[in-house]
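Please explain how the helices in this structure pack against one another and which charged side chains pair up. A walk through a few chosen places would be enough.

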Amino acid sequence: MNNFRTTFPFVSRELLNWFPGHMGKGMKQMQQKLKQIDCVIEVHDARIPLTGRNTEFKHTISGIKPHILVLNKSDLIEKQFESKIIDRLQQENHDPAHVLFTNCKSQSCRGLRKLMPLAQDLINNSDRYNRSSQREFCIMIIGVPNVGKSSLINVLRNRHLNKKGASQVGAVAGVTRSVLNRIKICEDPPIYLLDTPGILEPNIADTETGLRLALVSCLQDHLVGEELIADYLLFLLNKQQNFRYVKLMGLHEPTDSIANALMSNAIHLNKMIRTKQLDGTSVLRPDINLAAKLMLKSFRTGAFGKILLDEDKIRCHENGIKLKQY
């Protein structure tokens with residue numbers, strides 16, 4: 001039996017912090033628009049339900065407004081975890097009482113069908129203060145980068161108005177840079193959504209939080225390093241005893257060495273790069289960086305199976321072990 005690592009080596013926090021200027025500006029813009037808002041929908045990645053959410057949202061944005069937590073990309077985790085995730089979220093941190101799981105790629109998603117009726121119900125039953133005379137509803141969509149906020153707006157707009165997307169979508173963290181104009185998604189009653197930039201906490205708590213955010217693309221790969229993220233993925237796969245990578249990456253058996261894994265993957269996929277030697281001759285070598293990128297792509301597209309990165313936190317909670325908050 002392989003001796004796998006039980007802890008991941010320390011990584012400099014400087015590597016894992018990414019809070020560009022537009023994020024600070026975006027938070028201020030969001031606060032300025034709060035008087036026009038009836039409800040807040042926070043979107044987060046279902047693979048990291050307990051990791052990396054911006055705690056500033058709870059204190060400075062949602063406040064006393066109705067608050068729904070949408071855990072998107074739920075097609076990438078096993079359905080059996082959903083009730084356990086809700087249980088854990090609602091027992092800690094006074095989290096939103098309303099949690100929905102969504103998959104924006106599926107028009108038949110139950111969570112998407114429930115979202116707008118739930119939001120309308122919460123708004124109708126809330127004290128709207130200065131907005132009580134307004135017939136229209138305005139909902140702010142918030143969350144960290146690249147969790148599917150713009151995709152959610154576009155699918156709701158398509159669902160309720162039968163119109164194509166109004167919000168820019170991208171696979172790279174940080175596409176939405178500013179608080180955009182209101183986007184109408186429903187005629188009766190008039191419902192408007194406000195898209196906002198993905199905003200991380202200014203300081204990422206610890207190595208594992210940063211690496212889990214990087215794994216699901218909330219941090220840009222090149223800022224952390226593809227090989228480092230791939231190494232953390234290998235560590236987690238072994239920890240969860242998920243060895244699908246062995247066959248997919250052309251290995252003979254599970255390994256704890258990212259160098260071996262990436263070398264085998266590059267050779268298996270025939271991804272080679274020509275490098276010059278000191279004597280002027282050139283030689284073909286496995287393209288390790290490309291192999292790391294392809295390993296991350298395999299995880300993100302579900303090729304390694306449905307993986308809940310926060311499974312350890314859920315299991316610790318079930319076993320009655322108090323975990324440090326992230």
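What follows goes through two helix packings, then the salt bridges, and then one glycine.

The model is predicted. Two packed helices are described by the angle between their axes and the distance between the axes. Helix H9 spans residues 226–239, and helix H12 spans residues 288–300. The axes of H9 and H12 come within 9 Å and cross at roughly 50°. Because angles from 65 to 115 degrees count as roughly perpendicular and those under 35 as roughly parallel, H9 is called oblique to H12. The crossing of these two helices is left-handed.

On the H9 side, the residues that take part are Glu226, Glu227, Ile229, Ala230, Leu233, Leu234 and Leu237. They meet Ile288, Asn289, Ala292, Lys293, Met295, Leu296 and Phe299 in H12. Sorted by class, the contact of H9 with H12 holds 10 nonpolar, 1 polar and 3 charged residues.

Helix H9 also packs with helix H7, which covers residues 207–215. Here the angle is about 100°, and the axes are 10 Å apart. Since an angle from 65 to 115 degrees counts as roughly perpendicular, H7 is placed in that class relative to H9. From H7, Glu208, Leu211, Arg212, Ala214 and Leu215 take part, and they meet Leu228, Ile229, Tyr232, Leu233, Phe235 and Leu236 in H9. The contact of H7 with H9 has 9 nonpolar residues, no polar ones and 2 charged ones.

The next topic is the salt bridges. The model has 15 salt bridges. In one of them, the side chains of aspartate 221 and arginine 300 meet at 2.8 Å, N to O. This pair links distant parts of the chain: aspartate 221 belongs to helix H8 (residues 221–224) and arginine 300 to helix H12, 79 residues apart. Because partly exposed covers the range between 20% and 50%, arginine 300 falls in that class with a relative accessibility of 21%.

Another salt bridge joins aspartate 312 and lysine 239, at 3.3 Å from N to O. Aspartate 312 lies in helix H13 (residues 311–318) and lysine 239 in H9, so the pair, 73 residues apart, links distant parts of the chain. Both partners are partly exposed: aspartate 312 has a relative accessible area of 24%, and lysine 239 is at 40%.

How far apart along the chain are arginine 315 and glutamate 311? These two residues both lie in helix H13, with their positions 4 residues apart in the numbering, about one turn of the helix. Their side chains meet in a salt bridge of 2.8 Å, N to O. Arginine 315 is partly exposed at 37% relative accessibility, whereas glutamate 311 is buried at 15%. Salt bridges that share partners also form one network, which joins Glu208, Arg212, Lys239, Asp310 and Asp312.

The last stop is glycine 111, in helix H5 (residues 110–124). Is glycine 111 buried or exposed? Its relative accessible area is 6%, and because buried means under 20%, glycine 111 counts as buried. Leaving aside neighbours within four places in sequence, glycine 111 is in contact with Leu100, Phe101 and Thr102. The C-alpha atoms of glycine 111 and valine 70 are separated by 8.3 Å, and the two residues are 41 residues apart along the chain.

Technical notes:
Residues numbered from 1 in each chain as written. Predicted model: local features only at pLDDT ≥ 70, side-chain atom pairs only at ≥ 80, totals over all residues. Heavy atoms only, no water. Salt bridge = Lys/Arg side-chain N within 4 Å of Asp/Glu carboxyl O. Buried < 20%, exposed > 50% of the residue type's maximum accessible area, 1.4 Å probe, protein only. Contact = heavy atoms within 4.5 Å. Axes fitted to C-alpha atoms, helices over the stretch in contact; angles between N-to-C directions. Parallel < 35°, antiparallel > 145°, perpendicular 65-115°, else oblique. Left-handed = near helix turned anticlockwise from the far one by under 90°. Nonpolar A, V, L, I, M, F, W, Y, C, P; charged D, E, K, R; others polar.
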